[in-house]
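This explanation introduces a protein structure to a reader who has not met it before. Please look over the sequence and the model before reading on.

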Amino acid sequence: MTAEHQRLAVNSTKTVPLAQWGPYLSERQWGTVREDYSPNGDAWHYFPFDHSHSRAYLWGEDGLAGISDFFGNLCFCISLWNGNDPILKERLFGLSNPQGNHGEDVKELYYYLDNLPTHYYMEYLYKYPQQAFPYTQLREENQKRGKLDPEYEILDTGVFTKNQYFDVKVTYAKQGAQDIFIQIDITNRYTRAAEITVLPALWFYNRWNQGSFKEKPLISYVNKTTVRAEHERLGDYYFYYQPPDKSFFTENETNTEVISGVPNETIFVKDAFHDAIINGKNVAELSKKKTGTKFSPVYKMKVNGGATKTIYCRLNNKWVDHPFPNTFKDIFKVRKQEADDFYSAILPKGMSEEMAQIQRQALAGILWSKQYYHFDVEEWLSTSDGITPVSLSKMSGRNNDWKHLKNQDIVLMPDKWEYPWYAAWDLAFQCISMAVVDPTFAKHQLLLVMREWYMKPDGQLPSYEWNFSDVNPPVQAWAAMQVYNIEKKQTGTGDIDFLKKIFHKLLINFTWWINRKDINGNNIFEGGFLGLDNIGVFNRSFHFPGEMQLEQADGTSWMGTYALDMMDIAIEIAMHDRSFEDTVTKFCEHFVLIAESLNEHGLWNEEDKFFYDVLCVTGAEPVPLRIQSVVGVTSLYAVSTISKKAMDHLTDFRKRMTWFENYRKKNNKFWPNEERSNDEEILLSLVPKERLINLLKRLLDEEGFLSEGGIRALSKYHDKNPYSVVVEGNTYTIRYDPGDSTSDMFGGNSNWRGPVWMPINFLIIQSIRKYGEFYGDTLLVEYPTGSGNKMNLSQIADGLTKRVISLFEKDAEGNRRLYGDYSWFYKQPGNEHLVLFYEYFHGNTGKGLGASHQTGWTALVAELISEYGNKNE
C-alpha cells in the first residue's frame, strides 16, 4: 500500500470518508440560485460579478485556487494585482448567462494540475495577464456577437500573445490532517521584469449575521508572521507566513455604500483590501487593525523576465515555535513523490507518458471539483438577505415544493465555476471517475444524494438548484454497479452492504418513476428534457394543452435500463443473501414489460429502422418525430448478461422466469431479446438482434452519428435534411448544429444538436462492449458503415474509445484537437502538458466547447484510457 492508500484506509472508517481540509472552496458563489433573493428569480442580475468583491455571501464563499474546511468555516485563497486592474484578482471572472452569446462562460486560463483523494498534495495553475485584465472588452465583444458567432475568449483579446503574463502556481502539501504548507510560485513568462502584488488571504464564512453562532469568529494578530483564527466549532488555527511588506485586517461584511447606497458604519468591509492596494485608501487603518474576520499579508514584488519568486505559508491547528524549519521544503517533495506512487499503483502499466498525463489531470480535476454546498430551501424561501424583503412570489416560486431539502455537504460539482451546484445525473457519472481514485467517497456520494435531506419524500431525486423538479435520466443504479465493479476489481471484494443500502433507496426512486412518468400505465415513459437540454425539436419538458402527450423513446429506454440495472444489483446481492431473490424476478419481469412497450407500441419506426419520440393526440394518428438523435440510441444501454452460476444458484428465479417466458410465448406475447451462449450465459437486451444491427448501421455511419472524435448527439444527416413539425399552429425545426448552441433553450449554453458528449459516448461504448463480450465473432458489422471493413463489437468498442481519446491527444505537430484555433498557445514551452476537459466537443472538428473544466463527466476519459490500456497491455 502506498502512503496515500494508507490514509484512504483510515478515511474509509469515518462516517463521512473525507479529509477535513480540501479544495472545498467554490470558484463562483455569485449568480447562484441560493444567493438570489429577488422576487422574480433573476439570479444573474440579483447577485452579479460586480457585487462579489463587496457583498458578503449567505450560503458559501468563493476564491481563486482556494481551500476550506469541510464546513466552509475558514477559507484560504490567493489574491493578485498586476498594477493595472480596477479590482484585485481574488476570484475567476466570467460572463453571466445574459452577457454571453452562448450563456454563462468563464473567461480565464486556469488548470487543475494534480491532487490526491486526501488532498495531502494539490497543484493549481493560474495564468494572470500583466496588462490590464480585459473585463470590459470581454463583456462588450461577446454582447455584440449572436448565437451563430463563436464566443470571444480571453485568448482572442491579445493579452497572452507575447507571453506577457505570470504563471501563478499554488501547491498544497499537508504535514498532517490539520497542518497544511502552501507554496505560491510566481513565474514571469515575459522577457522583461514586471511587478505583482500577492495577498494570501484567510477569512471566515459569514454565518454570524444569520445568528448561527454564539460568538463571532475572530482572526487576531500574534506577531509579525503569525495570526490566530478562533472559531467556536472549528477550534483554533494558526496562520504562519513569511515576512510581508504589510498586513491587513478587515471584516467579511457587505460594503453597503457600494451595494445599496447606504453609508457604511465602518471602513472595515469586505472589499477594503481592494481600495487599499489599488487606491491607497485606508492603508494605515487596515495595517493598524489587529483583529477581524478577514486577513492577508501583502507581498509586492518585482519578478525578472523568466524568473520565479516564491511565497510560503502554513495553516496549522497547533502553535509552532519555528513554523518554517530548514527542511520544511522537503514536505513538498515527499508529498509529490507520494502522489506519483499512488497514481503509478492505480493506473495501467505501460501507457505512454502523454496518456498517463491526460489521465492524471482528469482525475486531478475530479478531485478539485469537491465543493462545500450549503442550501436550506425552507430557510431561503422564508427569510430575507437584509436587502430584499420576503415576497409571496418568491415563496411560491422556484423550488417552493422542496422545503425538505437541507444540504450542507461536500459534493462533487460538474464544474466549480460554470455549474457550482450538483446535478443528479452528472454526479452519477462523476462517481465512476472518482471510484478509480477513491471508491469509498464515490459510494458515499451516490448514497448522499438519496438521503432524506436530498431525496423528496415521494422518491424524486433533486435535479439541480435552478429547478430541483426537473427530471434527469435515472442512471444512479447503473453508476452504483459501475462503482461496485471498479472497487471489486481493485480489491478483489465487492461491497455488498453498499449495494443493499443503495438498492433500498433506488426502490423508492424507481417507484416514483413508475407512478409519475407513466401516465397511462402502459410502460411508455415521459420525463421531459431528461438532461439533454435542446435535443428535441421543441422543449420536451413543455406540457402541451389539451389531449396531447409526448411518448419518449429515451424515457422508456432509460426505464428499461433502470429495471435491468436493478435486476443486476439484486442478482449480485442475492448471490450472498437469498432474501433478495424475489426482487431479481420483480425487476426482470418489469424489464420484459417495458421492452414490450418500446418495441411493440409505436416507438420503433420500421421504415427508418430507428426509435423515435411519438406525439400522441386524442382522435388522431400518432406522429413519430423523425429525428435521428441519441434519443433513439438510448435503447442500446439496456443490456445485461446472467451467468450460469447465478442461474444455478437462484433456483426460484430460474423457475419463475421459465414459467413467465413459456406463458408469454404460448400466448403470443412479446419476449425481449434473450440469447444463450455455449456456456449457458444469458443475454438480455431491449432491442432484438436485427434491430441492434440496424441501430449500429446508423450509429457507425460517418455521414450520420460517427465523427472523428466519437458519437454525435444528433446525426449529421440533419445538416442537409432539417426536420420540422407543426404543433398547435406553430412550426418547430431542428437541424444538425455541431458547435455552440444556436437556441436559447435551457439557458442556451449547452448544445445536444450535433456535438460529441462524453457521458453518452461512455454509455454507448460500455454497452457495445457488453454485446461484444457475449457475441464475440458471431456478430460482425461494418465499421465505419459502408467501409466494407467488418469487425466484432468488442473491436468496435475499442475503435470508438480510440476516437474519443484522440480528442485529448497531441498529433504529430503537437496540436490537440480540443483546442482548435488556440493550439498555438498550448504549443508554447511550458504549456504543452496542459489539458482542459470541456463539457462537449464540436461534432466536426472536435474543438472543446461549453464549460472548460467539466471534469464532472468528461473525466470519464480517464476510465476509458484505463479500460483500453488494461485491455491492450
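The paragraphs below go from the overall form of the protein to one of its sheets.

The model shown here is predicted. The protein contains 25 helices and 35 strands. Along the principal axes, its C-alpha atoms fill a box of roughly 90 × 60 × 55 Å. A compact globule of 873 residues would have a radius of gyration near 29 Å, and the protein has 28 Å, so its value agrees with that of such a globule.

Burial and contacts add to this picture. Of the 873 residues, 63% count as buried, where buried means under 20% relative accessible area. Among contacts between residues at least 6 apart in sequence, 72% join residues at least 24 apart.

The surface and the charges come next. The accessible surface of the protein comes to about 31400 Å², and carbon and sulfur atoms account for 48% of that area. The protein carries 93 positive and 113 negative side chains, and the centres of these two sets lie 3 Å apart.

The rest of this account concerns one sheet. Strands of a sheet pair through backbone hydrogen bonds, in either a parallel or an antiparallel manner. Here, nine strands form an open sheet with antiparallel pairing, in the order 6-7-8-9-17-13-12-11-15. Its edges are strand 6, covering residues 109-115, and strand 15, covering residues 291-292; each of these pairs on one side only.

At one edge, strand 6 is joined by six bridges to strand 7, which spans residues 121-129, and the two run antiparallel. One residue pair shows where they meet: the bridge partner of Asp-114 is Glu-123 in strand 7.

Towards the other edge, strand 11 (residues 218-223) pairs with strand 12 (residues 226-231) over five bridges, in the antiparallel sense. These two strands form a hairpin, with two residues between them. Within this pairing, Tyr-221 has Val-227 of strand 12 as its bridge partner.

Strand 11 also takes part in a second pairing, in which two bridges join it to strand 15 and the strands run antiparallel. Here the bridge partner of Ile-219 is Gly-292 in strand 15. Strand 11 thus stands between strand 12 and strand 15 in the order of the sheet, and strand 15 is an edge strand.

How values were computed
Residues are numbered from 1 along each chain as its sequence is written. This is a predicted model: local features need pLDDT of at least 70, side-chain atom pairs count only at pLDDT 80 or more; totals for chains, interfaces and linings use all residues. Side-chain values use heavy atoms; hydrogens and water are left out. Helices (H or I, at least four residues) and strands (E, at least two) are DSSP runs, numbered from the N terminus. The radius of gyration is taken over C-alpha atoms; the globule rule is 2.2 Å times the number of residues to the power 0.38. Buried means under 20% relative accessible area, exposed over 50%, partly exposed in between (1.4 Å probe, protein chains only). Contact means heavy atoms within 4.5 Å. Accessible areas come from the Shrake-Rupley method with a 1.4 Å probe; for residues, only the protein chains shown count as cover. Lys and Arg count as positive and Asp and Glu as negative; His and the chain ends are not counted. The place of a charge is taken as NZ of Lys, CZ of Arg, CG of Asp or CD of Glu. Two strands pair if DSSP finds at least two bridges between them.
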